[in-house]
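The following exercises concern confidence, disulfides, aromatic pairs and strand pairing. Each task is followed by a solution that proceeds step by step.

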Amino acid sequence: MGINCIKKDYCYNSPCGQMGNCHNFEDSFLCICDPQWTGRNCETFACENSTCVNGYCQASTSDDALFDCNCTRGWIGPDCNVPDPCTNLTCENGGKCKSIIYPNNSTSTLYGNRTNNTDNATAFCSCSKGWKGDQCSIDINECLKNDTCHGHGICNNSVGGFSCDCLNEYTGLKCETNIDECLSSPCFNNATCIDRIGDFSCSCPSYFDGERCEKDVDECQYFVCGSHGSCRNMFGNYSCTCEPNWVGRHCEVHVSSCSVQPCKNNGTCFDVDDTYFCLCDNRFTGRHCDIDIDECKTHSFCRNGATCVNTFGSYDCICPREWEGDLCETDINECISNLCPLNTKCINRNNGFDCQNCSKYLCMNGGICHDSNIGPICNCTDDWVGDDCSQKNFCKDGPCGALQLCVNKKNTYSCEYHPCQSIPCQNNGLCVEHGAEYLCECQTGWKGKFCEEINYCTGNKCENNGTCRNENSSFFCACSGNWFGDRCEIYNYCHSDPCTNKGYCKNVQDDYICICQQGWEGKTCNKFNYCNDLPCRNDGVCNNLNSTYTCTCPQYWKGKDCEEYNYCYNSPCHNNGTCVNGRNSFSCLCPSGFLGHSCDVVDQCLSGPCQNNGTCLLNITTSSYVCKCHGGFVGEHCEKDRDECTTDVCPAKSTCYNEDGGYRCIWERRRKRETIIKETKSGVLELSKFINTRESLKENIVTARRLIEKATVYKSAQPAAVSVWLRSSNTLEKSEQKKKSIRKYESRG
């Protein structure tokens, strides 16, 4: 076998029989058996002594048993005869129940290599990740392990799981994945992005440069079009405009005369200096072999009176009715069409035919002609045979043996052996000769070399192209392809090994199912189960996707793994406030006009009720406000001017005049005020009295006020802070704790 027939075909003699498919290897073969058959050559029916009680039997894949039982739901054990205790055990938090069988040796009966026991079983819970306990109800603190977050984050334990606060460069459930900065496609112009830890780099294609391959390269600076073309740079490319007779991407190919294929109709082109020459075949002529030659004028190809018709590049022969063939060279046998009338015989001739009866037909050697429906027939004498009695009958005296037939030749005879002469076929079988051998074609219901055996396979009892084989008193079906069962009625949906990733295939009615390894799911175990580790917490439902998972969280929970309590679930923020979920509570981003933890307090200060630069103070508890007025104004909304002149605010011998928001003090004599101003130095007031008591401090402040009042009078009675330097132990100390508000006044001329 093989392309060069050098590989031995170990499957040639069908070593796997009808119960398996043979597969060739380099120096051997392998039989893939039907589900219920086993052995090197699929010769053993494994389920002949099946003890499967509540399940389906198939050949075992191990060496310890001949067959295995695939149990139906609710049953376990080698023979599917033990009730599954997992039906009465509930494993919480995604735990899986597993059964353990222990035999009761008091009732044991041996069947072949298997023991039919009245067994008992118990069950236990195999907990999912993050849980432990008899029913998987105890949470495991995963953060006690040092490598939970792979050293790239801070572990936070939670009920049934954990979460990792990852460093900036990492992501993933366990901070195991370096963040791929290339996901945002930072590189331009089809460049290749190379991810690094916390960074990336760009591998630029031809024609581009730059840190992110954003710059176009001017290829024309590198003389890419050579000496026979001019270069034009384009964004991400370039083009060459070539000189005459030069082509190619870089104008590097010189064009020859024959390169444009001037010769037509398979003419051969020859370059001659700056021109060309066409050599035409015998059907065309002309400079470019484009002129058809009329073969009907130059040659006489058609025979027997045919008409020649020229065509482009060839010719046709139109034959007379008595001839056929490309050149009308073949005589037509008109006798095939039964053209002669009844009681005559057709005799073919060149260029026609004859219809003969006994008036024209000649019987030789004393034969007598008789007309019949099929034409003239010769009744020959015993010494002659043949249509016209022209053959000498050498077989007249029966010279051949019992199983031989005598055949006349031209000048002698021959004896031919015919084995069917002995009538070897029984039960009305038909004997058919093949040279010196024979074959019996049996009637329905019989088989064998002589049709001597009853054929139990009559009626095609095997389905789906299965091959029926007769047994001693019954039949057996050798199934084809992917079928098995007593009559090949069960399809083996597992024949193509559809289960990937080490999944186990199991036939079910009209389909198959794959029992997947842990961590895989899907029809063929081809989809990785990102939900296998139960990442969704707080009863969240995990939805497996192509490359990740999502969690459908119950009410009051949110986050990728339902790990965050959703304090915003009941929309606690009123008046269109936006709720912001926090670790232990929520906060509200209130719209303009509303305040409070839940945006339920109307901002009474928004309308600016306090006049004259008064400060509005809102009481969130009572949703009311008060106005804190600046000096010079009073009233609920600071709308009234305060009359400062009702109190003794001006110095002696001056007159107080009230104004909106303040007052003025005017002296009787202007000269005295100016004298006081000249005597008073501007700057720091140095008080020489040593300060060691509260009374000495008050006395110094009174002195300072008297000096300031002599110096100036303010238009406004607004208080201003003045720093007072106090002399203590020959040192000036600035005391912010003893700073006082002292009024300044400015007089008007």
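**Exercise 1. A hairpin**

How many residues lie between S31 and S32 in the hairpin they form, and which residue in the turn has a positive phi?

Solution. The model is a predicted one.
Step 1. Strand S31 (residues 307–311) and strand S32 (residues 314–318) run antiparallel and are joined by five bridges.
Step 2. Within this pairing, Thr-311 is found opposite Ser-314 of S32.
Step 3. Two residues separate the strands of the hairpin, and Gly-313 in the turn has a positive phi of about 85 degrees.

**Exercise 2. Confidence of the model**

State the mean pLDDT of the protein, and identify where the pLDDT is below 50 over residues for which contacts are counted.

Solution. Step 1. The protein has a mean pLDDT of 80, with 86% of its residues at 70 or more.
Step 2. The pLDDT is below 50 over residues 106–118, a stretch that has 24 contacts in the model beyond near neighbours in sequence.
Step 3. Residues 670–692 also stay under 50 in pLDDT. For residues 670–692 the model has 39 contacts beyond four places in sequence.

**Exercise 3. Three disulfides**

Determine the handedness of the disulfides Cys-204 to Cys-213, Cys-340 to Cys-355 and Cys-442 to Cys-451, and classify the accessibility of each cysteine.

Solution. Step 1. The whole structure contains 51 disulfides according to the search. Three of them are treated here, beginning with Cys-204 and Cys-213, whose sulfur atoms are 1.9 Å apart.
Step 2. The link of Cys-204 and Cys-213 has -90 degrees about the S-S bond and is left-handed.
Step 3. Cys-204 has 28% relative accessibility and therefore counts as partly exposed. Cys-213 has 0% and therefore counts as buried.
Step 4. In the disulfide of Cys-340 and Cys-355, the sulfur atoms are 2.0 Å apart. The torsion about this S-S bond is about -90 degrees, so the disulfide of Cys-340 and Cys-355 is left-handed.
Step 5. This pair links distant parts of the chain, 15 residues apart. Cys-340 belongs to the loop between strand S34 (330–331) and strand S35 (345–349), and Cys-355 to strand S36 (residues 352–356).
Step 6. Cys-340 counts as buried because its relative accessibility is 16%. Cys-355 has a relative accessible area of 26%, so Cys-355 is partly exposed.
Step 7. Cys-442 is joined to Cys-451 with an S to S distance of 2.1 Å. The torsion of about -95 degrees about the S-S bond of Cys-442 and Cys-451 makes this disulfide left-handed.
Step 8. Cys-442, with a relative accessible area of 28%, is partly exposed, whereas Cys-451, with 0%, is buried.

**Exercise 4. Aromatic pairs**

Classify the ring pairs Trp-37 with Phe-476 and Phe-208 with Phe-235, and locate each residue in the chain.

Solution. Step 1. A pair of aromatic rings is described by the distance of the centres and the angle of the planes.
Step 2. The count for the structure is 15 aromatic pairs. For Trp-37 and Phe-476 the ring centres are 6.0 Å apart and the planes stand at 70 degrees, so this pair is edge-to-face.
Step 3. Trp-37 is part of strand S3 (residues 37–38) and Phe-476 of strand S48 (residues 475–478), so the pair ties together parts 439 residues apart in sequence.
Step 4. Trp-37 is buried because its relative accessible area is 16%. Phe-476, at 24%, is partly exposed.
Step 5. The rings of Phe-208 and Phe-235 have centres 5.3 Å apart and planes at 70 degrees, so this pair is also edge-to-face.
Step 6. Phe-208 lies in strand S21 (residues 208–209). Phe-235 lies in the loop between strand S23 (229–234) and strand S24 (237–242), 27 residues apart from Phe-208.
Step 7. Phe-208 counts as buried at 11% relative accessibility, whereas Phe-235 is exposed with a relative accessible area of 60%.

**Exercise 5. A ring cluster and charges over rings**

Which residues do ring pairs link into a cluster, and over which rings do Arg-40 and Lys-523 lie?

Solution. Step 1. The cluster consists of Tyr-556, Trp-557, Tyr-565, Tyr-567 and Tyr-569, linked by ring pairs.
Step 2. Arg-40 has its charged end over the ring of Phe-29, at 4.5 Å from the ring centre.
Step 3. Lys-523 is placed over the face of Tyr-512, 4.3 Å from the ring centre.

Definitions and conventions:
Residues are numbered from 1 along each chain as its sequence is written. This is a predicted model: local features need pLDDT of at least 70, side-chain atom pairs count only at pLDDT 80 or more; totals for chains, interfaces and linings use all residues. Side-chain values use heavy atoms; hydrogens and water are left out. pLDDT is the predictor's confidence in each residue, from 0 to 100. Contact means heavy atoms within 4.5 Å. A disulfide is a pair of cysteine sulfur atoms within 2.5 Å. Buried means under 20% relative accessible area, exposed over 50%, partly exposed in between (1.4 Å probe, protein chains only). Helices (H or I, at least four residues) and strands (E, at least two) are DSSP runs, numbered from the N terminus. Rings of Phe, Tyr and Trp (its six-membered ring) pair if their centres lie within 6.5 Å; planes under 30 degrees apart count as stacked, over 60 as edge-to-face and the rest as tilted. A charge sits over a ring if NZ of Lys or CZ of Arg is within 6 Å of the ring centre and within 35 degrees of the ring normal. Two strands pair if DSSP finds at least two bridges between them.
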